[in-house]
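Please explain how the helices of this structure are packed against one another, and where its aromatic rings come together. An account in running paragraphs would be preferred.

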Amino acid sequence: MSALIHGEGQGAARVALGAGVMLRQAREARNLTREAVAARTRLELRVIDALENEDYHSLAAAAFVKGYIRSISKELQIDPAPVLAQYEQYVHTEEPALAD
């Protein structure tokens, strides 16, 4: 579940899915609502929403976000490694450059 083909035909490009999209697709594939995942993982619904919308800035520190991703992945019975890798890629892309 690490990539999705956008477009059709021979010119279709493989584009990596974001962590939130990966979690949403896994949840939807299991016909679970966001509320059901929140209840099963004992996370607030706003956390599920923020993760699926990749609104990481509204969540706690990165260590907590990684824990949320692991908990949700476990509940959805998917390997958390590719989801965490996509999150890490996003975090490293978003980090501002430090001034000397």
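The cover over the buried residues of H2 includes H1, H3 and H4. In this predicted model, helix H2 spans 34–41, and its buried residues are Val37, Ala38 and Thr41. Viewed down the axis of H2, these buried residues fall within an arc of 100 degrees, and they therefore line one face of the helix. Arg42 follows H2 and has a positive phi, near 60 degrees.

Two of the buried residues of H2 reappear in the surroundings of Ile72. With neighbours within four places in sequence left aside, Ile72 is in contact with Val37 and Thr41, and also with Leu23, Leu43, Ile48 and Leu51. Ile72 is itself one of the buried residues of H4, a group that also contains Val65, Tyr68, Ile69, Ser73 and Leu76. Seen along the axis of H4, the buried residues occupy an arc of 130 degrees, so they line one face of that helix. On the other side of H4, Ala63, Phe64 and Lys74 are exposed.

The length of H4 can be checked against expectation. At 1.5 Å a residue, its 15 residues should span 21 Å, and because the C-alpha atoms at its ends are 21 Å apart, the model agrees with that value. Gln77, the residue that follows H4, has a positive phi, near 60 degrees.

The account now turns to H1. Leu23 lies in this helix, which comprises residues 19–29. The relative accessible area of Leu23 is 3%, so the residue counts as buried. Once neighbours within four places in sequence are set aside, the contacts of Leu23 include Ile69, Ile72, Ser73 and Leu76, each of which is among the buried residues of H4. Leu23 is also in contact with Leu51, Glu52, Ile78 and Val83. Although Leu23 and Leu76 are 53 residues apart along the chain, their C-alpha atoms are separated by 8.1 Å.

These residues lead to the largest nonpolar core, which has 24 residues. Those with the most contacts inside this core are Leu23, Leu51, Leu59, Ile69, Ile72 and Leu76. H1, H2, H3, H4 and H5 each supply at least two residues of the core. H4 gives the most, with five residues.

What, finally, of the aromatic rings? A search of the whole structure finds two aromatic pairs. In one of them, the rings of Tyr56 and Tyr87 have their centres 4.9 Å apart and their planes at 75 degrees, so the arrangement is edge-to-face. Tyr56 belongs to the loop between helix H3 (45–52) and helix H4 (62–76), whereas Tyr87 belongs to helix H5 (residues 80–94); the pair therefore ties together parts that are 31 residues apart in sequence. Both Tyr56 and Tyr87 are buried.

Tyr56 also pairs with Tyr90: the ring centres are 5.0 Å apart and the planes stand at 65 degrees, so this pair is edge-to-face as well. Because Tyr56 lies in the loop between H3 and H4 and Tyr90 in helix H5, the pair ties together parts that are 34 residues apart in sequence. The relative accessible area of Tyr56 is 7%, so this residue is buried, while Tyr90, at 24%, is partly exposed. Ring pairs thus link Tyr56, Tyr87 and Tyr90 into a cluster.

Key: Residues are numbered from 1 along each chain as its sequence is written. This is a predicted model: local features need pLDDT of at least 70, side-chain atom pairs count only at pLDDT 80 or more; totals for chains, interfaces and linings use all residues. Side-chain values use heavy atoms; hydrogens and water are left out. Rings of Phe, Tyr and Trp (its six-membered ring) pair if their centres lie within 6.5 Å; planes under 30 degrees apart count as stacked, over 60 as edge-to-face and the rest as tilted. Helices (H or I, at least four residues) and strands (E, at least two) are DSSP runs, numbered from the N terminus. Buried means under 20% relative accessible area, exposed over 50%, partly exposed in between (1.4 Å probe, protein chains only). The expected span of a helix is 1.5 Å times one less than its number of residues. The arc is that of the directions from the helix axis to the C-beta atoms. Contact means heavy atoms within 4.5 Å. A nonpolar core is a set of buried Ala, Val, Leu, Ile, Met, Phe, Trp, Tyr and Cys residues joined through side-chain atoms within 4.5 Å.
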